[in-house]
Amino acid sequence: MSDLDNLPPVDPVTGEIIINPLKEDGSEKTPKEIEKERKKAEKLLKFAAKKAKQKASAAANGSESKKSKKPKKKEPEVIPDFVDKTVPGEKKVLVSLDDPALKAYNPANVESSWYDWWVKSGVFEPEFTEDGKVKPEGLFTIPAPPPNVTGALHIGHALTIAIQDSLIRYNRMKGKTVLFLPGFDHAGIATQSVVEKQIWAKEKKTRHDYGRTAFVDKVWEWKEEYHSRIKNQIKKLGASYDWTREAFTLDPQRYDAVVEAFVRLHDDGTIYRASRLVNWSVKLNTAISNLEVENKDVKGRTLLSVPNYDEKVEFGVLTSFAYPVIGSDEKLIIATTRPETLFGDTGVAVHPDDARYTHLHGKFVQHPFLPRKIPIIQDAEAVDMEFGTGAVKITPAHDQNDYNTGKRHNLEFINILTDDGLLNENCGPEWAGMKRFDARKKVIEELKQKGLYIGQEDNEMSIPTCSRSGDIIEPLLKPQWWVAQKDMAGDAIKAVRDGKITITPKSSEAEYFRWLENIQDWCISRQLWWGHRCPVYFVKIEGEDNDRNDGHYWVAGRNIEEAQAKADAKFAGIKFELEQDEDVLDTWFSSGLWPFSTLGWPKETKDLKDFYPFSMLETGWDILFFWVSRMILLGLKLTGEVPFKEVFCHSLVRDAQGRKMSKSLGNVVDPLDVISGIKLEDLHAKLLQGNLDPREVEKAKIGQKESYPNGIPQCGTDAMRFALCAYTTGGRDINLDILRVEGYRKFCNKIYQATKFALMRLGDDYVPAATEGLTGNESLVEKWILHKLTETAKIVNESLDKRDFLTSTSAIYEFWYLVCDVYIENSKYLIQEGSATEQKSAKDTLYILLDNALKMIHPFMPFISEEMWQRLPKRSSEKAVTIVKASYPVYKKEYDNTEAANAYELVLNITKEARSLLAEYGIIKNGKIFVESNHDSSFETAASQKDSIVSLIKAIDEVTVVRTAGEIPEGCVLKSVNPEVNVHLLVKGHVDIDAEIAKVQKKLEKVTKSKAGMEKTMNSKDYESKANAEAQAANKVKLENTVAEIEGLEATIENLKRLKL
């Protein structure tokens, strides 16, 4: 029987609906129950009238109406494009949420225009007291790690900004004086390399064709173009930088700081001149630091691509050959992984205690290709008697270990390579000019011809490569500028041990100590043109040819005049000229000064006084040594203070499969693609814009298809930032799954739709109270949600102060879901059907929740929080014109109500069990629920919250609360909520009991079969010997759970059978 067959009675005279004032048990209905029944009856009558009209219309259309027509497929609704009419820099023009373009959440719509207004309004600039001092609430400052000016943003930048900006925005909302200082790095090697490639590709010119000045001008042009591009990308990420203080490591202020630092350190002897082995990149034609060397491990014979070689080069092979001993027929066999370096051999070492070679002490071997006698030396440090033949070739100018051995034995240091990686004149005329790895093959061929080749075998080894170019690094002897590190490292270690700087996580602190305790002096010379030219001058004395490696003939100066004065004093009465060093300084030298050079150092500026040292430095753990340690070393040395009080090292981002992101794998994620979305074919097209080899492009395409088969969906900045912070757990790596980011886009949609709905519930005429607080009229659900609010605020504040991003984001996420899925649903009946006092209280609470929840999520989701907060009516006491400057929610004692919270948790648990029963028995409407409890407090809670329970369960119209099981009608099933409360569902007459029994029986058979299989395995004779302890424990738990499930299913069948009686 349908609802239309049982229409409510209507008075034939007045037309009013007749409502029976009595319930089925004879008790009187409450006015609220009568009003609810009347509204339901009105809806039913309207529906009946509509159906009757449709029936009459169909009859009038004749036979056509009798023909069955296929329902038309519903066309997807076309949502018009949003047109933002805001003038750039002005406050966003808010279009009505009723506008069709704003029907659905679209991050592009929500995130437009706000950033430019924030910047123009100056809300990102530090706020001081009226007399220009730091506010009493405190100070919080972060220097942003400067990205390479010619680079493109990657997901690591997005993670850095998401973490830093969430802390910056949080502390700003706490009322503190806040500085988030931005800037960019000139990135010497990377930038020069890119520009050199470009001019060669376009003009077939080198930097030498241009000349130094013209080439540097060219790089400045390139810098300006890419600087604006990456700056705009950063703005898209919502970073609340104070752009008025933007710095660049090569701008005039930073230049002054670099010159000052170099001159001071040179004058006190910390910077010195020495000819030592450096990591030489042939491709880039410059030295690089140890930190820019990537070691590639190979297990054995491996062919690798090397820049400027058409064919791959063989590595992972140990070649053995013999040196003839002069004055005898004996040969001394040695082994090497670099046969081409034999031209630089100036010694063969044996262990002094090795009896095999005692008779050779003091003798020589003959070089196979050169008229050079090589001494046989004894060295216990360089030789392991048990390894190989116990004889080792020594090449002091091309190997770090051999360099030390050469120094101990005063061997000759012979350089065999040009800067371009060609063999030089020291190798003999027939070899000079040959490429180093071509020479490797040729040396082996010649050794074979001379009968000196012994053989080859696979050799597991680490191959040093240049992280910038992929080139194989050559240890090369070069006169360079070095920074003495030992004393500085001691101070840096002490600063952390004394607690002046904290490093999180502890694993990073341990690495910091380990590295500084084993630190080597820092080579700061780079053979480039783009960068800070070394402010040091060679004194070229007339008529003398002095060694440029001798520091005595060098003077440092802040300018040429100061250098001249120093030279005049040092070489009084001698005629000379000054020549500035051609080299530039390592990029990390200028970025090592970042925390104080950005504040005006070496000048005593107000910024330096106010903001130094910074509150924290946040970055990836992978540049702890590159950058963080350098800043601490130089900060302590040059300012006498630590540069920051806290170091927080975040994880590295990998793909969903845990692989390192690389262009060749096709799994690199551009954050702008996550924000705006991108099709797979467009991802493929972007690969062609880089410098990947065509074979690598095809491999990358396969990788992209595997990682992003449908492209990357549009997620928006807010969702991406929230996801990245939620991923930050303190671990070493983040495995980024784009689907999880898309999940947070759905969360944004929930916030958007819930706020829209809540604004509609509040109404256009709603005016919030002047101040926030309790009125005393709050219902139980309001007391509960306000308790949750203050509890969440406490958790989030404590978590952010501890840098616990997972806990803070999880708490906010859960709170929003409680607001949307519980309070907004529950408050419908209060706002629509409650008394005037109840309606007002429910609306006031709804406003408190929206205002606080949007503020709470603002540090993580700046755009949607501003967009929706601006649409809320404001309290007369609210002074902030933007959520950026609004007060962050904190714990409020008056909202802390554990008793009310527990009472409402009972309501939610009753609701949960009732829904579970309804779902189990497939009842989707007109369900009859009974709550049974003889516990006074629980009974009163359930009885007073009947309307609340009904509002949360769509499948029922009413709830009956009773004290004893005897009051429950026959034909019910039950679920226990807790020892004092049970929920009953009337099943008889609502479901096909036989069908339900059959369904449960089928499930029981499946589980019983599974149990039998487990028991067979566990009872087998070799089970205990074959299965480990963990597997046995897991199987035991699994069996216990299966037995419990069988018992539950059997009980359900018995209950259903009883219902048939």
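**Exercise 1. Helices α11 and α17**

Determine how helix α11 is oriented relative to helix α17 in this predicted model, and state which residues make the contact.

*Solution.* Step 1: locate the helices. Helix α11 covers residues 486-497 and helix α17 covers residues 624-639. Step 2: take the geometry. The two axes come within 9 Å and cross at roughly 100°. Step 3: classify the angle. Angles of 65 to 115 degrees count as roughly perpendicular, and α11 is therefore roughly perpendicular to α17. Step 4: list the contact. Helix α11 contributes Met488, Ala489, Asp491, Ala492 and Ala495, while α17 contributes Ile632, Leu633, Leu634, Leu636 and Lys637. Step 5: sort by class. The contact of α11 with α17 has 8 nonpolar and 2 charged residues, and no polar ones.

**Exercise 2. Helices α21 and α24**

Carry out the analysis for helix α21 and helix α24.

*Solution.* Step 1: the helices span residues 716-727 (α21) and residues 805-833 (α24). Step 2: their axes come within 7 Å, and the crossing angle is roughly 130°. Step 3: this angle is neither over 145 degrees nor within 65 to 115, so α21 and α24 are oblique to each other. Step 4: on the α21 side the contact involves Phe722, Cys725 and Ala726; on the α24 side it involves Phe805, Leu806, Thr809 and Tyr813. Step 5: these residues of the contact of α21 with α24 comprise 6 nonpolar and 1 polar, with no charged residue.

**Exercise 3. Cysteines and disulfides**

Establish how many disulfides the model contains, and examine cysteine 649 and cysteine 715.

*Solution.* Step 1: apply the cut-off. A disulfide requires two cysteine sulfur atoms within 2.5 Å, and the count under this rule is 0. Step 2: consider cysteine 649. Its closest cysteine sulfur belongs to cysteine 725 and lies 16 Å away, which is too far for a bond. Cysteine 649 is buried, at a relative accessible area of 6%. Step 3: consider cysteine 715. The nearest cysteine sulfur, in cysteine 748, is 9.3 Å away, and cysteine 715 is in no disulfide. Cysteine 715 is likewise buried, with a relative accessible area of 0%.

**Exercise 4. The hairpin of β10 and β11**

Describe the pairing of strand β10 with β11 and the side-chain pattern along β11.

*Solution.* Step 1: strand β10 (residues 317-324) pairs with β11 in the antiparallel sense, over 6 bridges. Tyrosine 323 is placed opposite leucine 332 of β11. Step 2: examine the connection. There are 6 residues between the strands of this hairpin, and glycine 327 adopts a positive phi near 85°. Step 3: recall the general pattern. Side chains in a regular strand alternate between the two faces of the sheet. Step 4: apply it. In β11 (residues 331-336), Leu332, Ile334 and Thr336 point to one face and are buried; Lys331, Ile333 and Ala335 point to the other face and are not buried.

**Exercise 5. The sheet containing β31 and β32**

Give the strand order of the open sheet, identify its edges, and place helix α28.

*Solution.* Step 1: the open sheet has 4 strands in the order β31-β30-β33-β32, and its pairing is mixed. Step 2: the edge strands are β31 (956-962) and β32 (972-978); each has a single partner strand, so one side of each lacks a neighbour in the sheet. Step 3: the twist from one strand to the next averages 25°. Step 4: β32 runs antiparallel to β33 (residues 981-986), joined by 6 bridges, with serine 976 opposite asparagine 982 of β33. Step 5: helix α28 (residues 936-944) packs on the sheet and touches β30, β31 and β33, its direction making about 155° with that of β31.

**Exercise 6. Backbone features in loops**

Locate the cis peptide bonds preceding proline 505 and proline 613, then the positive phi angles of lysine 204 and asparagine 926.

*Solution.* Step 1: threonine 504 and proline 505 are joined by a cis peptide bond with omega about 0°; proline 505 sits in the loop between β19 and α12. Step 2: the bond from tyrosine 612 to proline 613 is cis, with omega near 0°, and proline 613 belongs to the loop between α16 and β26. Step 3: lysine 204, although not a glycine, has a positive phi of about 55°. Lysine 204 occupies the loop between α5 and α6 and is exposed, with a relative accessible area of 52%. Step 4: asparagine 926, also not a glycine, has a positive phi of about 60°. Asparagine 926 lies in the loop between α27 and β30 and is partly exposed at 35% relative accessibility.

Note on methods: Residues numbered from 1 in each chain as written. Predicted model: local features only at pLDDT ≥ 70, side-chain atom pairs only at ≥ 80, totals over all residues. Heavy atoms only, no water. Buried < 20%, exposed > 50% of the residue type's maximum accessible area, 1.4 Å probe, protein only. Helix = DSSP H or I, 4+ residues; strand = E, 2+ residues; numbered from the N terminus. Pairing = 2+ DSSP bridges. Axes fitted to C-alpha atoms, helices over the stretch in contact; angles between N-to-C directions. Parallel < 35°, antiparallel > 145°, perpendicular 65-115°, else oblique. Contact = heavy atoms within 4.5 Å. Nonpolar A, V, L, I, M, F, W, Y, C, P; charged D, E, K, R; others polar.
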